[in-house]
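Hi there,

Here is the structure I promised to pass on. Have a look at it first, and my notes on what turned up follow just below.

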Amino acid sequence: MNSLKRQRGAAAMFTAFFLIAVSSGIMLSMKKKIDEERVRNAVGVQAHRLISISTAIERFINDGDLTGTDNPLNQHNVAGEPFENGAEHIGIDWLRENCVSGTGKDYIDCKEYDIPTISHGLQYRSVIENDGDDIKVTLYVEDATDPKIGVTTDGVPDKLLALQVIDSAEAKSNITNNSSTIEYFDVPDTRGMAVTDPNYRDAVIVVTISYESDSTPFIRQDGRKTWKGDQVVETGRDVDLKNLTDLELTGEVIDMNSVGIQDYKIDLDGFSKVNDLLIDNTLDVANDATLNSNLFVGGSAIIAGDIVDPNSAGAANYKIEWDNESKLKRLKVAETLTTDNFIATNDSFFGGNVNIDATKSLELTSMNLLGNAFIHGVLADPSLDYFFDMDGISRFEDISIGAAGDGLLSERLSPYSMIGAIIVKDGDLIPKPVCTNGEPKIILNSRTETHSFGDGLLLNYNQNFYFKYVESAGLNWRVKLQTVNMATGVLESDVNGEVVASIYCYYY
């Protein structure tokens with residue numbers, strides 16, 4: 001009898017052990033899948049940031065508006081400039097000067113996080129190599145105190161995680177030649193190197209952005225590249241040379257589409273024929289000038305008589321009289337127009353300034369503005385329902401997005417605007433974002449959780465709770481990660497837990 005009881009007891013214990021083993025295996029499998037998903041999300045966020053930063057550097061290098069010592073290539077030997085040869089930049093503020101100091105230009109969003117978030121204690125460090133013709137920027141994602149160490153997991157260098165980041169970045173980025181600027185993502189393999197070797201790196205992400213001026217297929221605004229072949233301008237396109245200092249020609253300039261029909265050409269020592277003539281300075285004509293088309297003058301035109309449109313005689317009678325009333329259907333101004341009231345019956349083109357008294361008005365059916373317009377009031381729809389006020393509040397019905405105007409801003413904006421994501425632990429403080437007319441929001445997703453199952457063999461699943469939330473702490477959120485101690489039933493801090501905090505601004 002006692003033997004039978006012992007056999008039954010052993011069978012019960014075996015069954016209990018078996019059920020515990022199966023349950024633990026299922027829970028570990030589910031936790032592994034959840035952890036893998038969290039890592040994928042963190043990898044995707046960091047990869048997106050690397051693309052944003054490398055793209056900002058590329059835009060900075062290729063900014064055609066930068067001239068003189070503002071041009072990155074010209075900064076190679078200028079002390080203190082961003083692209084001085086040998087310069088190093090910690091963080092990304094050097095790519096958003098206007099955000100930081102209120103001057104210069106921004107090439108990356110002001111809200112972009114200044115530090116990597118794939119693991120703790122990292123920094124961005126950019127090293128500049130610039131010889132005046134070629135630029136190479138090397139961006140390191142490395143430990144802020146030990147540049148030989150990069151991405152870590154639980155304090156240990158994690159090269160696999162770093163490789164996942166660059167694989168994700170390369171999949172989303174164009175690493176081919178773009179205006180001769182090439183982006184290359186890498187985690188250097190330094191196995192076999194001594195730790196003391198200056199090139200030794202362990203799980204450090206390296207992004208290389210290289211620009212080679214000789215390889216660019218484009219003509220640069222700063223004149224560093226010359227034409228190496230014939231330049232053909234398509235029919236209907238213009239070449240605007242109004243700001244050109246000198247144009248050296250050894251032959252004629254011929255409109256090939258007019259040969260045999262109109263024969264439009266410019267011959268410096270012979271007969272020239274043009275359809276339209278645009279002049280930015282002074283035109284001296286010894287005799288009468290008869291024009292069958294348009295004359296655009298950006299400088300001085302000394303005319304003793306009137307300018308008359310012979311095709312408008314009668315009702316229209318368009319003309320310019322210096323000491324009497326003039327009538328124009330269309331006006332193009334290259335410098336400044338100063339008037340009390342101005343009314344145009346058709347399109348008017350302004351290449352310079354338009355100064356109109358604050359008590360007067362400007363009425364235009366349509367206007368193409370090529371220069372500046374100084375407005376003392378607001379630009380408004382006649383109904384006054386919609387208006388644009390440069391130093392006040394403006395109102396638009398909607399804004400069209402895309403070159404084809406195929407999307408509306410109101411249809412594409414989410415009320416949640418993501419500010420960033422960061423991995424945090426229990427008790428960490430996260431600064432609340434400043435959301436003008438909005439509300440800061442935060443979402444926590446577990447990365448690592450610690451669960452206590454007690455000292456005995458029996459489990460009480462009804463007490464196996466895990467809590468992750470934040471408490472408001474002034475201008476910050478304080479992270480709270482708590483788990484139930486199964487042995488005591490007491491709720492206690494999970495000091496080993498980690499969560500991915502996604503930070504948003506919510507706009508109603």
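In this predicted model, I128 of one strand stands opposite V137 in β3. That pair belongs to the antiparallel match between β2 and strand β3 (residues 134–143), which runs over nine bridges. The two strands make a hairpin with three residues between them, and in that turn G132 has a positive phi of about 95°. β2 itself (residues 122–130) is mostly covered, with eight of its nine residues buried. It has a further partner to look at: β1 and β2 also pair in the antiparallel sense, over three bridges. There, E88 has V127 in β2 as its bridge partner.

Next, the helices. What does Q46 touch beyond its neighbours within four places in sequence? The contacts are P116, T117, I118, Y124 and V165. Q46 sits in helix α1 and is buried, at a relative accessible area of 0%.

One of those contacts, V165, is also among the buried residues of α3, together with L161, A162, I166, S168 and A169. These buried residues cover an arc of only 155° around the axis, so they lie on the same side of α3. If you like the reasoning behind that sort of pattern, an α-helix has 3.6 residues a turn, so residues three or four places apart point the same way. The face turned away from the buried side of α3 carries the exposed residues L160 and A171. As for its dimensions, α3 (residues 159–172) has 14 residues and reaches 20 Å from its first C-alpha to its last, close to the 20 Å expected at 1.5 Å a residue. At the start of this helix, a side-chain oxygen of D158 comes to within 3.3 Å of the backbone nitrogen of L160.

A few loop residues are worth finding on your screen too. N71 lies in the loop between α1 (2–61) and β1 (88–90). Is N71 buried or exposed? N71 is buried, with a relative accessible area of 2%, and its side chain reaches the backbone nitrogen of L73 at 2.9 Å.

D154 and A203 make a nice pair to view one after the other. D154 has a positive phi of about 55° although it is not a glycine, and A203 has a positive phi of about 65°, again without being a glycine. D154 is found in the loop between β4 (152–153) and β5 (156–157), while A203 is in the loop between β6 (181–186) and β7 (205–212). Their surroundings can be told apart by accessibility: D154 counts as exposed at 64% relative accessibility, whereas A203 is buried, with a relative accessible area of 0%.

Finally, please scroll along to a sheet further down the chain. Three strands form an open sheet there in the order β26-β32-β28, with antiparallel pairing. β26 (416–425) and β28 (439–448) stand at the edges, each with a single partner strand, so one side of each is left without a neighbour in the sheet. From one strand to the next, the twist averages 20°. Nine bridges join β26 to strand β32 (residues 498–506), and along that pairing A421 stands opposite S502 in β32.

That is my tour for now. Happy browsing!

Best wishes

Technical notes: Residues are numbered from 1 along each chain as its sequence is written. This is a predicted model: local features need pLDDT of at least 70, side-chain atom pairs count only at pLDDT 80 or more; totals for chains, interfaces and linings use all residues. Side-chain values use heavy atoms; hydrogens and water are left out. Helices (H or I, at least four residues) and strands (E, at least two) are DSSP runs, numbered from the N terminus. The expected span of a helix is 1.5 Å times one less than its number of residues. Buried means under 20% relative accessible area, exposed over 50%, partly exposed in between (1.4 Å probe, protein chains only). The arc is that of the directions from the helix axis to the C-beta atoms. A polar contact is a pair of N or O atoms within 3.5 Å; within protein, one must be able to donate a hydrogen and the other to accept it, and residues adjacent in sequence count only if both atoms are side-chain atoms. Two strands pair if DSSP finds at least two bridges between them. Axes are lines fitted to C-alpha atoms, for helices over the stretch in contact, and angles run from 0 to 180 degrees between N-to-C directions. Contact means heavy atoms within 4.5 Å.
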